Amino acid sequence: MSCDLRDRVRQEQPTTERYTLADLEKWEEAAYDIDPSIRLAVFGDPVAHSLSPQMQNAALRASKIDMQYARFHIRANELRSALRFLRDLDFIGINLTVPHKIAAFTQVDETDESASRAGAINTIRVRDKKLIGSNTDGEGFLRAVRSEFSVDVRDLRVMLIGAGGGTGHAIAWQCALENCERLVLVNRTYEKAQALAEHLRPYFAGPRVLGPATRLEAVALEESALRIQLADIDLIVNATPLGMNPSDPSPIPARLLAPHHMIFDCVYGPSKTSLLRGADEAGARGANGLSMLLHQGALSFSIWFDREAPIEAMRNALAV
Ligand code: NAP
């Protein structure tokens, strides 16, 4: 990072800055004059959109913890090196976002139950040069659905699109643990949804009250297959990255949405995603991923600092 850039970092909001693997390689040089020092981060590609820095920095300020959280643009093929550097640096921990959650699972030293279940990691804490992986996405999703729609996942028939990704895995496991009424796993690569369904099957063995539809299914991301399922679905979840770019298509055609659906898009951004515009057109209720960001972030904060997160400060920082 150039001196100019370093000065800007010091004087302006450091959270708007983006670091790279090259900075991590010579971190002492790149970060020597940053005050307070950067000891938390999010790794992702893309990462510029991430609101985690503004939310976590608000939490640090509110808790009077003298350190900062920054964003790092780390590509898929750079993750292993980035995690190796992290072991030897004075970091408290990091978050992982797209596309690293599944890849990181095999690259940390230990995982807790939430991560082992999902086979995916969104939170790492660094202890004695060891990386310990956790996953707060599932619980964050649960809390977000409760706050957005005033319902509990356990009472819902859920369609999860993007079941093959890191976030999809965490949400699917959470739905299974909650023993939701019904879970339909949808993925572009059908085989991944099918494999996940096999793992989750024991959780859906018992009968529930809402009619004869099969409680757990894996289906391909195809209109005809989705159409058949949607009459028996309450909550549709997008856990694909579709929507991160304003020009992205919706993962599900708007013509398939109906007023009885609740639509939760894990994607968040300044403009409405195509999926949420479709929800409006259909007269359905929709919510973006900001509240999930808030809740998964609060849980990550608790993992790093072993104390409750200042959730109101975090909420205010996101204006949720
Ligand atoms: P990921 O691991 O890369 O997962 C990608 C998933 O999306 C896979 O199932 C993949 O299917 C599917 N997919 C990718 N591109 C697709 C396309 N063009 N059409 C259809 N399906 C596609 O990503 P992730 O880390 O789980 O993140 C997924 C999204 O959730 C990101 O937008 C992320 O920002 C968001 N997220 C938000 C929060 C929050 O707090 N709001 C938390 C976590 C994640 P295949 O298996 O076929 O490749």
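## Burial and exposure in the predicted model

A residue is called exposed when its relative accessible area is over 50%, buried when that area is under 20%, and partly exposed in between. In this structure, which is a predicted model, D306 has a relative accessible area of 71% and is therefore exposed, since that value is over the 50% cut-off. D306 lies in the loop between α12 and α13, the latter spanning residues 311-318, and its phi is positive, at about 55°, although D306 is not a glycine.

The same cut-offs can be applied to E281, which has its place in helix α11, residues 274-282. With 67% relative accessibility, E281 counts as exposed because the value is over 50%. Measured against R87, a residue 194 positions away in sequence, E281 is 49 Å distant from C-alpha to C-alpha.

## The ligand and its surroundings

The ligand sits in the largest pocket, and the elements that give two or more residues to the shell around the ligand are α8 (166-178) and α12 (290-305). Of these elements, α12 provides the largest share of the shell, namely 3 residues.

In total, 25 residues surround the ligand, and the closest are T167, N187, R188, T189 and K192. When the shell around the ligand is divided by class, it has 11 nonpolar, 10 polar and 4 charged residues.

## Backbone contacts to the ligand

Three glycines place polar backbone atoms at short listed distances from ligand oxygen atoms. For G162, a polar backbone atom is 3.3 Å from an oxygen atom of the ligand, and for G164 the corresponding separation from a ligand oxygen is 3.4 Å. In the case of G166, a polar backbone atom is 3.0 Å from an oxygen atom of the ligand. The ligand on its own has 930 Å² of accessible area, and the protein covers 86% of it.

## Cis peptide bonds

Two cis peptide bonds can be described, each with a proline as the second residue. One joins D45 and P46, with omega at about 5°, and P46 is found in the loop between β2 (38-44) and α4 (52-62). The other joins V98 and P99, where omega is also about 5°, and P99 lies in the loop between β4 and β5, with β5 covering residues 110-111.

## Loop residues K129 and F91

K129, like D306, has a positive phi although it is not a glycine, and for K129 the angle is about 65°. K129 is found in the loop between β6 (123-127) and β7 (130-134). Is this loop residue buried or exposed? K129 is exposed, because its relative accessible area of 51% is over the 50% cut-off.

F91 also belongs to a loop, the one between α5 (79-88) and β4 (93-96). The relative accessible area of F91 is 4%, which is under 20%, and F91 is therefore buried. Along the chain, F91 and L293 are 202 residues apart, while their C-alpha atoms are separated by 21 Å.

How values were computed
Residues are numbered from 1 along each chain as its sequence is written. This is a predicted model: local features need pLDDT of at least 70, side-chain atom pairs count only at pLDDT 80 or more; totals for chains, interfaces and linings use all residues. Side-chain values use heavy atoms; hydrogens and water are left out. A residue is near a molecule or strand if one of its heavy atoms lies within 4 Å of it. A polar contact is a pair of N or O atoms within 3.5 Å; within protein, one must be able to donate a hydrogen and the other to accept it, and residues adjacent in sequence count only if both atoms are side-chain atoms. Accessible areas come from the Shrake-Rupley method with a 1.4 Å probe; for residues, only the protein chains shown count as cover. On a 1 Å grid over the protein atoms alone, a cavity is a set of points where a 1.4 Å probe fits but cannot get out, and a pocket is an open set with protein on both sides within 12 Å along at least five of seven lines; lining residues have an atom within 4 Å of a point. A molecule sits in a cavity or pocket if more than half of its atoms lie within 2 Å of its grid points. Helices (H or I, at least four residues) and strands (E, at least two) are DSSP runs, numbered from the N terminus. Ala, Val, Leu, Ile, Met, Phe, Trp, Tyr, Cys and Pro count as nonpolar, Asp, Glu, Lys and Arg as charged, and the others, Gly among them, as polar. Buried means under 20% relative accessible area, exposed over 50%, partly exposed in between (1.4 Å probe, protein chains only).
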